[in-house]
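Q: Could you take a close look at one part of this model, its largest nonpolar core, and describe which residues and elements build it?

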Amino acid sequence: MRRTIFTEEHDLFRDTARSYYLRECAPYAEQWERDGQVSRAAWTAAGKAGLIGWQFPEEYGGQGIWDFRYNAIMAEEMAATSSVGIGLGLQNDVIPPYLTHLTTPEQKARWLPGVTSGETICALALSEPAAGSDLKAIRTTARRDGDEWVVDGSKTFITNGILADLVIVACKTDPDAGHKGISLIVVERGAEGFERGRKLDKVGMKAQDTAELFFHEVRVPAENLIGQENRGFYHMMGNLPTERLAIAVSSLAAAERAYELALDYAKTRTAFGQPIGEFQANRFALADIKAKLGAARVYVDGCIMALFQGELTAEEAAAAKYWTSETGWQVIDRCMQLFGGYGYVNEYEIARIWRDSRVQRVFGGTSEIMQEIIGRSLGL
């Protein structure tokens with residue numbers, strides 16, 4: 001179905017995004033996968049192109065635009081151009097609410113210009129070795145000592161963990177208060193006692209650096225607290241629907257790219273004297289995929305507009321994340337099957353999409369957590 005959610009301004013933004021990805025990212029995808037991280041030059045190029053932090057106020061380099069349709073375009077064009085690894089989704093989808101709504105004017109002036117220019121790369125450090133979806137179980141602590149916070153603990157599965165210059169860390173500031181004792185504290189690159197651990201060797205998303213972080217008596221200024229002390233859990237919960245919709249958008253975009261590749265392959269690859277797409281089993285498989293992607297697209301676009309209008313609920317975001325990540329994985333796996341043995345060869349894009357997409361069912365809350373959120377809304 002024809003998409004109707006975008007305006008001419010969005011179309012122009014899409015052209016800019018596609019040009020950026022084709023010029024600054026796609027040619028280096030294989031190198032970044034070998035390196036395990038992307039070049040910082042790609043970040044600053046995105047900043048120069050106006051592709052980071054458009055939500056921030058104009059006086060800090062942004063445009064003051066809160067419209068998730070721009071975020072969706074960035075994710076869709078990354079998938080469409082076969083670009084990999086650059087964590088612009090985190091920088092644009094997840095970080096802005098924290099750095100806009102929870103910061104003081106002094107903090108904004110200190111951090112936002114660098115974030116918008118791409119010179120300051122951000123990370124959000126929530127997950128720990130013993131606390132993933134159960135955020136209230138985190139053990140990292142921060143105690144007040146005069147004009148400083150002293151942070152102790154560790155984090156894992158942190159996107160942009162190696163490259164990050166500014167890390168928003170979820171800490172227990174009142175260890176006896178459970179989820180009501182969590183605060184958000186910014187730790188900056190170079191802080192004494194702040195160490196990067198392993199760059200994790202993942203099944204997929206090889207170019208996106210994911211790391212362990214360690215905090216050993218890290219002293220940071222008291223003014224690096226963002227939001228309200230001991231209200232961090234609620235700040236995080238308020239931002240999760242947007243993060244989950246972002247994952248839904250990326251999951252669907254990856255599945256659409258896989259379908260595009262599979263359809264082209266089905267038209268050009270021959271077996272037994274005819275294109276493989278002419279065999280009924282393959283034709284029906286592609287028809288099934290097209291129907292599933294079309295239905296998912298309508299729902300996700302509806303969620304995008306609901307978020308834009310301030311109406312997206314946590315249950316709707318969870319449903320979008322659950323359906324697209326699960327259905328997207330089924331679609332991508334079926335598309336890979338059409339490639340036969342070639343689909344299992346890493347030089348083929350479909351193999352990378354297959355590897356990269358498996359984690360969509362895990363991060364941002366597992367599929368089981370999404371089902372629990374949806375289930376609680378049923379009044380059962």
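A: UniProt positions follow the numbering used here, with shortened feature names, and its annotations may be inferred rather than shown by experiment. An unreviewed UniProt entry places "domain: Acyl-CoA oxidase/dehydrogenase middle" at residues 123–218, a stretch that is 0% helix and 51% strand, with its end C-alpha atoms 17 Å apart. The model is predicted, with local features needing pLDDT of at least 70, side-chain atom pairs pLDDT 80 or more, and totals for chains, interfaces and linings using all residues. Residues are numbered from 1 along each chain, and side-chain values use heavy atoms, without hydrogens or water.

The largest nonpolar core (buried Ala, Val, Leu, Ile, Met, Phe, Trp, Tyr and Cys joined through side-chain atoms within 4.5 Å; buried is under 20% relative accessible area, 1.4 Å probe, protein chains only) holds 64 residues, of which Tyr-20, Tyr-21, Ile-86 and Leu-88 touch the most other members. Helices (DSSP runs of H or I, at least four residues) that each supply at least two of its residues include α1 (8–25), α4 (68–80), α7 (232–268) and α8 (280–308), and α7 gives the largest share, 13 residues. Beyond four places in sequence, Tyr-21 touches (heavy atoms within 4.5 Å) residues including Pro-27, Met-74, Met-78, Ile-86 and Leu-88. Apart from this core lies another, of 26 residues, among them Phe-56, Tyr-60, Tyr-98 and Val-186.

Where α4 meets α7, Phe-68, Ala-72 and Ala-75 are among the α4 residues, and Leu-245, Val-249 and Arg-257 among those of α7; the residues of this contact divide into ten nonpolar, two polar and two charged, where Pro also counts as nonpolar, Asp, Glu, Lys and Arg as charged, and residues outside the nonpolar and charged sets, Gly among them, as polar.

How values were computed. Buried means under 20% relative accessible area, exposed over 50%, partly exposed in between (1.4 Å probe, protein chains only).
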